[in-house]
Amino acid sequence: MKNPMNLAGKHILFVSDESGLDTAIENQLMELGASLTKYKVEEDNSIEKDLIGIVKEKGSFDGVVFGVVHSDFKPLQFVKPELVNKISYDNYGLFVEIMRSLKKAKGFNSNASVVAMSSISSIRAMKAKMAFCAAKAALDAAVRCLAVELADKGIRVNSVQKGGVDTDFEKGHIQDIAVINDGATEKLSPLGITKAEEVANMVAFLLSDATRTITGTSIVIDGGYTL
């Protein structure tokens with residue numbers, strides 16, 4: 001029987017955050033046969049110029065993974081405009097710029113699939129995470145709009161709204177939140193904390209030909225936290 005999640009022959013652009021979750025996604029995509037081109041955005045990057053050059057050198061893409069998730073934990077009195085702008089750009093504005101630049105560079109093959117990493121923060125209010133929650137909500141709205149705009153080329157655009165992932169707990173601010181909320185993430189997740197490999201499986205599924213008509217959708221994977 002043919003594996004519907006086989007990614008052999010697919011060229012994937014991976015906009016990487018170089019996190020533990022990104023490593024799990026990268027490993028899974030390569031295991032399924034995908035050819036990856038990794039791109040990490042630095043402070044002085046000219047994204048449009050970079051992506052035009054990448055497409056010119058390596059060709060257009062069958063899939064794009066936007067893996068950037070930059071969260072923060074700040075009570076309202078510390079949520080200054082510069083913080084809001086930074087969190088918004090990293091989690092939403094950067095995705096829009098990547099998509100715009102790829103479109104200009106003619107970097108999408110027909111029937112390509114785009115997967116953006118979102119968060120359940122998009123749909124679940126969280127104390128002291130207002131800027132991040134709003135940014136990922138904007139990302140999910142952009143996903144729906146781009147799904148409509150790019151549908152004439154057969155291009156699918158979806159996001160994954162992840163909850164707490166095991167690799168997240170390696171980050172200091174996540175550890176701090178776990179202490180402050182008295183372990184609420186574990187307590188409110190009936191099926192427990194999601195493993196990075198599970199999120200990687202979801203990303204691979206959305207990139208594969210098994211999902212030709214799934215678009216404009218944000219898929220929750222959170223162990224039941226938002227139930």
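**Exercise 1. The second largest cavity**

Task: In this predicted model, find which element gives the most to the lining of the second largest cavity, then describe that lining.

Solution.
- Step 1. Helix α4 gives the most to this lining, with 3 residues.
- Step 2. Place the cavity in the count: there are 2 cavities of 30 Å³ or more. The second largest holds about 50 Å³ of space.
- Step 3. List the lining: D72, F73, K74, V79, L83, I87, A128, K129, M130, A131 and F132. The elements that give two or more residues to it are α3 and α4 (130–149).
- Step 4. Sort the lining by class. It has 8 nonpolar, no polar and 3 charged residues.
- Step 5. Look at one lining residue, A128. A128 sits in the loop between β4 and α4. Its phi is positive, near 65°, and A128 is not a glycine. Most residues other than glycine have a negative phi.

**Exercise 2. Helix α3**

Task: Where does helix α3 bend, and which of its residues are buried?

Solution.
- Step 1. Helix α3 covers residues 81–104 and bends by about 55° at Y89.
- Step 2. Read off the buried residues of α3. They are L83, I87, D90, N91, G93, L94, F95, I98, M99, S101 and L102.
- Step 3. Cross-check with the cavity. L83 and I87, buried in α3, are among the residues lining the second largest cavity.
- Step 4. Take S101, which belongs to helix α3. Buried means under 20% relative accessible area. S101 has 0% relative accessibility, so S101 counts as buried.
- Step 5. Relate S101 to L188. They are 87 residues apart in sequence and 40 Å apart in space, C-alpha to C-alpha.
- Step 6. Go past the helix end. K106 follows α3 and has a positive phi, near 55°.

**Exercise 3. The second largest pocket**

Task: Which residues lie nearest the centre of the second largest pocket, and how is its lining made up by class?

Solution.
- Step 1. The second largest pocket holds about 280 Å³ of space.
- Step 2. Its lining has 15 residues. Nearest the centre lie V41, E42, K86, D90 and L94.
- Step 3. Helix α3 gives the most to this lining, with 4 residues. D90 and L94 are among the buried residues of α3.
- Step 4. By class, the lining has 6 nonpolar, 3 polar and 6 charged residues.

**Exercise 4. The sheet**

Task: What is the strand order of the open sheet, and why does one side of β2 and of β6 lack a neighbour in the sheet?

Solution.
- Step 1. The open sheet has 6 strands in the order β2-β1-β3-β4-β5-β6, with parallel pairing.
- Step 2. β2 (35–39) and β6 (218–221) are the edge strands. Each has a single partner strand, so one side of each is left without a neighbour in the sheet.
- Step 3. Check the twist. Neighbouring strands are turned by 20° against each other on average, direction ignored.
- Step 4. Zoom in on one pair. Strand β4 (residues 108–119) is joined to strand β5 (residues 156–162) by 7 bridges, and the two run parallel. V114 has V157 in β5 as its bridge partner.

**Exercise 5. N111**

Task: Is N111 buried, partly exposed or exposed, and what is its phi?

Solution.
- Step 1. N111 lies in strand β4.
- Step 2. Partly exposed lies between the buried limit, under 20%, and the exposed limit, over 50%. N111 has 36% relative accessibility, so N111 counts as partly exposed.
- Step 3. Phi of N111 is positive, near 65°, in a residue other than glycine.

Definitions and conventions. Residues numbered from 1 in each chain as written. Predicted model: local features only at pLDDT ≥ 70, side-chain atom pairs only at ≥ 80, totals over all residues. Heavy atoms only, no water. Bend = angle between axes of the 7 residues up to and from the residue. Buried < 20%, exposed > 50% of the residue type's maximum accessible area, 1.4 Å probe, protein only. Pairing = 2+ DSSP bridges. Axes fitted to C-alpha atoms, helices over the stretch in contact; angles between N-to-C directions. 1 Å grid on protein atoms, 1.4 Å probe; cavity = no way out; pocket = protein on both sides within 12 Å on 5 of 7 lines; lining within 4 Å. Points joined across faces, edges and corners; volume = space filled by probe spheres on them. Nonpolar A, V, L, I, M, F, W, Y, C, P; charged D, E, K, R; others polar.
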